[in-house]
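Here's a quick briefing to read with the structure open beside you. It goes topic by topic, so feel free to follow along in the viewer.

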Amino acid sequence: MCSKTCLISATTCPIFLGCLVVLQTYPNPLQFNPAYSVVKQYFVNVDDTVAQKIVVHTDSPRGTHFRRAGPRQKVYFDSDEVHACIVTCGGLCPGLNTVIREIVCGLYHMYGVNKVLGIDGGYKGFYARNTIDLTPKVVNDIHKRGGTILGTSRGGHDTSKIVDSIQDRGINQVYIIGGDGTQKGAAVIYEEIRRRGLKVSVAGIPKTIDNDIPVIDRSFGFDTAVEEAQRAINAAHVEAESIENGIGVVKLMGRYSGFIAMYATLASRDVDCCLIPESPFYLEGRGGLFEYIEKRLKENGHMVIVIAEGAGQDLLSESLQSMNQQDASGNKLLKDVGLWISQRIKNHFGRQQKISINLKYIDPTYMIRAIPSNAADNVYCTLLAQSAVHGAMAGYTGFICGPVNGRHSYIPFNHITEKQNKVVITDRMWARLLSSTNQPSFLNPKDVIEVQEGEEPPTQLLEEENCKDSKFATKDIPSMT
């Protein structure tokens, strides 16, 4: 029943360094916590799973399942022996401070853990020996602020130095908050910890304002970003509507995925055209963007365009050169498509001299990144943080936590680092957007066929060997051992 690749409760017979041993476990302190005494069934059954696909056909295979997140009846760590650390990496995102706060408060108030370190300045803070002692008093009001009190950085990932620091400090729980690049680094750290045989739990909390992490329903900060983007769109609409042939152009975040632009457009209803990385478009000729702009101005006298930062990169004049440049996290450096498309629109209508346009360009990117999370994201960040704490205390490692079809789950690192979550332009949600804006799809039949061929089948198949010895067809994370 037991194997190195199965997620096993610490109460059963885990494997450590190839030897079958019975490890000591402890009653979960939550059962003595008066705050949870009113809950009828608070502990999660170790066999509970969450299906990745919930819409299936009658002849569909069982598909991929993940372990359900939540507190277990037995925990792997004695609270007095826990020495946890928290690190934030990558770009800013609304909700970072809320996650930090709730990890600290969850460890203190739910499990009685009083040794929590904050690693200052991202991954490089591990071996620069910059730390902050975190207590509920220190983090009490940080959720009201944007950014991260721990500081952040891109790059600086030296696996050996990081694990050396973890080992030297006696840290046995590592909470890593960051996007797909950060979680790839977390997976490497987990593998090195496993190779050294250290009893250290590595838990990831996925953070990406672009909502481009796969499997989970959404990432924290996304709701706040969509809500704040409305302010920029409203401003663009007021500017455009207040002058003859006014055009408002708003650039939103979305390096590879256009979720913010799509949802902000749907929420606004004032947008006439939404351009995202997943949907190619062209400017000139029949059915092109310029023709649509002219048509819209003649009909309404104004229009609003929302463009994601990664859209139209293939059209930029210096795209080939820019594609070879990367930032410290390995992301491609993008040209400013908002400025570029604004200038192209001005040049086109200036040459034609048919319509005199007035264009205003708004880029709220860093304003959105830096604000505190809204109420919905604050609640969501709390659930993510507490799920991570429950998982680490139960002895699980090498996972990220997040909702899958509404149920919080523990998901192995490899499931969220293999690819990115992207808008499917043959899906109903994109069709709803096209219906809202009345914009052309800018797609020819060949483009549609290529998109459909690139989509995944509705249900992922499991390899036979992953299912044959298990009652549940699960894609599991390893235990602490």
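In which sense do strand β11 and strand β16 pair, and over how many bridges? They pair in the parallel sense, over 2 bridges, with β11 covering residues 201-206 and β16 covering residues 399-404. Keep in mind that this is a predicted model. The points below start with the sheet that holds this pair, then turn to helices and to a couple of backbone oddities.

**The sheet**
- β11 and β16 sit side by side in an open sheet of 9 strands, whose order reads β4-β5-β17-β16-β11-β10-β7-β8-β9.
- Pairing across this sheet is mixed.
- At the edges you'll find β4 (49-51) and β9 (131-133), each of which pairs on one side only.
- On average, neighbouring strands here are turned by 35° against each other, if you ignore direction.
- For a landmark in the β11 and β16 pairing, look for Ala203, which stands opposite Phe399 in β16.
- As a general reminder, strands of a sheet pair through backbone hydrogen bonds, either parallel or antiparallel.

**A helix across the sheet**
- Helix α1 (residues 96-111) lies across four strands: β7 (84-88), β8 (116-119), β10 (173-178) and β11.
- Relative to β10, α1 runs at about 160°.

**The α5 and α6 pair**
- Helix α5 (residues 222-241) packs against helix α6 (residues 259-268) at an angle of about 60°, and their axes are 9 Å apart.
- That angle makes α5 and α6 oblique to each other, and their crossing is right-handed.
- On the α5 side, the contact is made by Phe222, Ala225, Val226, Ala229, Gln230 and Ile233.
- On the α6 side, the residues are Phe259, Ile260, Tyr263, Ala264, Ala267 and Ser268.
- Sort the residues of this α5 and α6 contact by type and you get 10 nonpolar, 2 polar and no charged.

**Backbone oddities**
- Most residues other than glycine have a negative phi, which sets the scene for the next two.
- Val215 has a positive phi, near 75°, without being a glycine; look for Val215 in the loop between β11 and α5.
- Arg269 isn't a glycine either, and its phi is positive at about 70°.
- You'll find Arg269 in the loop between α6 and β13 (273-275).
- Is Arg269 buried or exposed? Arg269 has a relative accessible area of 57%, and exposed means over 50%, so Arg269 counts as exposed.

Note on methods. Residues numbered from 1 in each chain as written. Predicted model: local features only at pLDDT ≥ 70, side-chain atom pairs only at ≥ 80, totals over all residues. Heavy atoms only, no water. Pairing = 2+ DSSP bridges. Axes fitted to C-alpha atoms, helices over the stretch in contact; angles between N-to-C directions. Contact = heavy atoms within 4.5 Å. Parallel < 35°, antiparallel > 145°, perpendicular 65-115°, else oblique. Left-handed = near helix turned anticlockwise from the far one by under 90°. Nonpolar A, V, L, I, M, F, W, Y, C, P; charged D, E, K, R; others polar. Buried < 20%, exposed > 50% of the residue type's maximum accessible area, 1.4 Å probe, protein only.
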